[in-house]
Amino acid sequence: MEFALKTRVVVGAGEHEKLGTYLSWRSALIVAGRNVQATGAVEAVEASLKKAGITPVSFCEAAPDPSLDLVEKGTAFLKENAPDADGIVAIGGGSAIDLGKAIAVMAANPGPLAEYEGPERFPNQPLPVAALPTTAGTGSEVTPSSVLTDTERQYKFLLWSKRIVPELAVLDPTLAMTAPRKVRLAAGLDALTHAVESVLSRASTVYTEPLALKAIEIIGRKLPQVVLGQDDPGAMEEVLVAANLAGLAFSQTRLGVVHALALPLSARFGIPHGLAVAVLLPQGLKFNLSVAQERYQKILASFGRQGDLAEVIRDFSAELGGPTKMRQLGVTAEEIPAMAKDASGSGHLAVNPRFCSLEDLEAIYQAAL
Ligand SMILES: [Fe+2]
């Protein structure tokens, strides 16, 4: 058994304006999207870095589902405009943070990036990363993964390395409250799925299970308020912490069949990751039920609800306005065999509590259609 922590986590309203005080770098590349730039967050972080004697250079072209080409573009930008950067500051949702991690790898490695798919595949130590999530969901601020899109192959590509776990995570609810409600919903359902799959993982341990169950408890209590209720920094902070706890848990345990099946949905149909996992989670739970009944009871107890877990989760998502069927997201049956084949290569399947054959993967897709 092993449990490794690397990230210093700072939590609180307004903390992003103190970022410079937590870093001992001389220069930094900021990676963010234009939507985050428009909120003023990039400017505030730049000011904080300058005040601490750190020279910032900003690359504000992060986009959802970052492609391998975008990583190359960001790396070329860094080499031209910030060749002496001591680290990367990534501000945004999981996509911007994953892009920042990939640029950190490519700044220090010869490439090509396509050869680094899978666990621990690049030779050199990447630049350190400081992550400021603007959504409460992916947990990317503490995880060893970076999900990239190979647009040519319509394929989701995973970098997985302890060396890309950020050194610093700043959980600031004032940043997360800039996210629109439908983004909050997708992100929150992603965090819930991380926590549930981590509890069910074959690699779950006495260290990770309490983190994941606590995340489930907080999301059950607070996500409805964050998605449907009045804006409240306290509630948003709790959900940010829950997503972070779930990220810490799954960074150790990996995930399961739901995440294996979700990546092809996003790669082929451009479906936001949180909605893809949300629509698949109930059917993934039905598939795993026979081997994990005791853990389902623990999850229900933490969630504060009773009944059939798959139905409880489906109803929770539907009450918040989430999708319940893949068809609602534009998925067609013809793509199922190809998606199942892509999913069958996922490393997450190795820790799913029940063995999944290719036929099983197709059957779960069919049931979720
Ligand atoms: Fe996820």
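Two residues are in contact if their C-beta atoms, placed from the backbone, lie within 7 Å. The exercises below apply this and related ideas to a predicted model.

**Exercise 1. Find where S344 lies, decide whether S344 is buried, exposed or partly exposed, and list its contacts beyond four places in sequence.**

Solution. Begin with the location: S344 belongs to the loop that runs between α13 (336-343) and α14 (358-368). Next, consider the surroundings, remembering that a residue is buried if 20 or more other C-beta atoms lie within 10 Å of its own, and exposed if 12 or fewer do. For S344 there are 17 other C-beta atoms within 10 Å, so S344 is partly exposed. Then turn to the contacts: once the neighbours within four places in sequence are left aside, S344 is in contact with L358 and L361. Finally, look at distance along the chain and in space, where S344 and A260 are 84 residues apart in sequence, while their C-alpha atoms are 7.4 Å apart.

**Exercise 2. Carry out the corresponding analysis for K222, and then follow its contacts to V239.**

Solution. K222 lies in helix α7 (residues 208-228). Around K222 there are 22 other C-beta atoms within 10 Å, and therefore K222 is buried. Leaving aside neighbours within four places in sequence, the residues in contact with K222 are A235, E238 and V239. Looking from the other end, V239 is in contact, again apart from neighbours within four places, with A136, G188, I218, I219, K222, L223 and V226. For a separation of another kind, take K222 and S27, which are 195 residues apart in sequence and 38 Å apart in space, C-alpha to C-alpha.

**Exercise 3. Describe the open sheet: in what order do its strands stand, and which strands are at the edges?**

Solution. The sheet is built from six strands, whose order is β1-β9-β6-β4-β2-β3, and the pairing is parallel. At the edges stand β1 (8-11) and β3 (55-62), each of which has a single partner strand, so one side of each is left without a neighbour in the sheet. On average, and ignoring direction, neighbouring strands of this sheet are turned by 15 degrees against each other.

**Exercise 4. Examine β4: with which strands does β4 pair, and how are its two faces covered?**

Solution. On one side of the pairing, strand β2 (residues 27-33) joins strand β4 (residues 87-92) in the parallel sense over four bridges. Individual partners can be named here, since I30 has V89 as its bridge partner in β4, and L29 has I88. The pairing of β4 with β6 is also in the parallel sense, over five bridges, and in it A90 stands opposite A131 in β6. As for burial, six of the six residues of β4 are buried. Both faces are covered, with G87, V89 and I91 buried on one side and I88, A90 and G92 buried on the other.

Helices can now be added to the picture. Helix α4 (residues 94-106) lies across β2, β3, β4 and β6 (129-133), and runs at about 165 degrees to β4. Helix α8 (residues 233-253) also packs on the sheet, where it touches β1, β6 and β9 (168-171), and its direction makes about 150 degrees with that of β9.

**Exercise 5. Explain how the two domains meet, and where the largest nonpolar core lies.**

Solution. First, note the division of the chain into domain 1 (8-174) and domain 2 (180-368), whose C-alpha centres lie 25 Å apart. Across the boundary, 25 residues of domain 1 are in contact with 25 residues of domain 2. On the side of domain 1 that touches domain 2, at least two residues each are supplied by β1, β8 (155-160), β9 and α5 (173-176). Now consider the largest nonpolar core, which has 127 residues, among which V31, I91, A215 and V239 touch the most other members. Both domain 1 (8-174) and domain 2 (180-368) give residues to this core, so the core lies between them.

**Exercise 6. Judge whether the overall size of the chain agrees or disagrees with that of a compact globule.**

Solution. For 369 residues, a compact globule would have a radius of gyration near 21 Å, and the chain has 19 Å, which agrees. Along its principal axes, the C-alpha trace spans about 55 × 45 × 40 Å. Within the chain, buried residues make up 56% of the 369 residues.

Conventions: Residues numbered from 1 in each chain as written. Predicted model: local features only at pLDDT ≥ 70, side-chain atom pairs only at ≥ 80, totals over all residues. Rg over C-alpha atoms; globule rule 2.2 N^0.38 Å. Core = buried A, V, L, I, M, F, W, Y, C linked by C-beta atoms within 7 Å. Domains from an automatic or database assignment. Pairing = 2+ DSSP bridges. Axes fitted to C-alpha atoms, helices over the stretch in contact; angles between N-to-C directions.
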